[in-house]
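Reader: Could you take me through one part of this model up close, the salt bridges and the sheet around them? I'd like one connected walk rather than a list.

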Amino acid sequence: MHEKKSNKWQITSIILMVIVVALAAGGVYLYMQNRDKQDKIDATQTSLSNLENQIASFASTQASSSSSSDDTVTSQSSSYGSDPIAVATAYSHTMAAGETYEYSIATQTNDAAKINVKISDGPGYMVILKKADDVWVPVYSGQQDPSVAIVEQYGLPSNWALEQ
């Protein structure tokens with residue numbers, strides 16, 4: 001009889017130890033899941049903050065450049081990002097890879113450039129770029145001039161707007 005009580009206590013203690021280990025493992029698992037989610041939230045918040053800063057910088061550049069948008073540029077930089085032709089080239093190749101392109105600057109100011117893009121197998125189009133933090137950014141592309149709303153939104157020269 002004494003052996004039966006001893007076996008019961010041994011079995012009970014083993015079951016309790018298994019439950020304690022399972023609870024500890026479950027706690028560690030939940031902690032790790034929560035930490036991973038928090039890391040993702042932190043990374044997303046950092047990315048959002050960076051994007052908000054870029055938008056604010058672009059908006060301030062747009063506001064400050066609207067008064068000087070008619071000054072013409074006499075020289076071009078050759079580094080990627082500061083050269084409107086290089087940016088238009090990269091932008092066009094994301095549109096339709098495999099085509100042959102010919103680029104020419106139709107008009108350029110200190111902070112805006114209108115690039116004509118001729119495609120080997122078709123008509124062509126223009127890419128309008130706006131300079132933000134010394135980097136050219138595509139803001140419009142199409143076969144006709146942008147609307148007045150787009151010209152005003154990006155602070156482009158007013159004579160670039162589609163005449164209506």
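Author: Let's start with Asp 145, which is partly exposed, at a relative accessible area of 27%. Keep in mind as we go that this is a predicted model. Asp 145 has a salt-bridge partner in Lys 114, and their closest N and O atoms are 3.4 Å apart. Lys 114 itself counts as buried, with 11% relative accessibility. So here a buried lysine, under the 20% cut-off, meets an aspartate that falls between 20% and 50%. The two come from distant parts of the chain: Lys 114 belongs to strand β2, while Asp 145 is in the loop between β4 (135–142) and α3 (148–154), 31 residues apart.

That's one of 2 salt bridges in the structure. The other pairs Asp 111 with Lys 130, and there the closest N and O atoms are 3.0 Å apart. Asp 111 is in the loop between β1 (101–108) and β2 (112–119), and Lys 130 is in strand β3 (residues 124–132), so this bridge ties together parts 19 residues apart in sequence. Both ends are tucked away: Asp 111 is buried at a relative accessible area of 5%, and Lys 130 is buried at 0%.

Now for the sheet that these strands belong to. It is an open one, with 4 strands in the order β1-β2-β3-β4 and antiparallel pairing. The edges are taken by β1 and β4, which have a single partner strand each, so one side of each has no neighbour in the sheet. Going from one strand to the next, the twist averages 30°. As background, strands in a sheet pair through backbone hydrogen bonds, in either a parallel or an antiparallel way.

Zoom in on the β3 and β4 pair, since Lys 130 sits in β3. These two strands run antiparallel and are joined by 7 bridges. Ala 132 has Val 135 of β4 standing opposite. In the loop between β3 and β4 you'll find Asp 134. Unlike the buried Asp 111, Asp 134 counts as exposed, with 58% relative accessibility. And here the walk loops back to the second salt bridge: the C-alpha atoms of Asp 134 and Asp 111 are separated by 8.5 Å, with their positions 23 residues apart along the chain.

Notes: Residues are numbered from 1 along each chain as its sequence is written. This is a predicted model: local features need pLDDT of at least 70, side-chain atom pairs count only at pLDDT 80 or more; totals for chains, interfaces and linings use all residues. Side-chain values use heavy atoms; hydrogens and water are left out. A salt bridge is a side-chain nitrogen of Lys or Arg within 4 Å of a carboxyl oxygen of Asp or Glu. Buried means under 20% relative accessible area, exposed over 50%, partly exposed in between (1.4 Å probe, protein chains only). Two strands pair if DSSP finds at least two bridges between them. Axes are lines fitted to C-alpha atoms, for helices over the stretch in contact, and angles run from 0 to 180 degrees between N-to-C directions.
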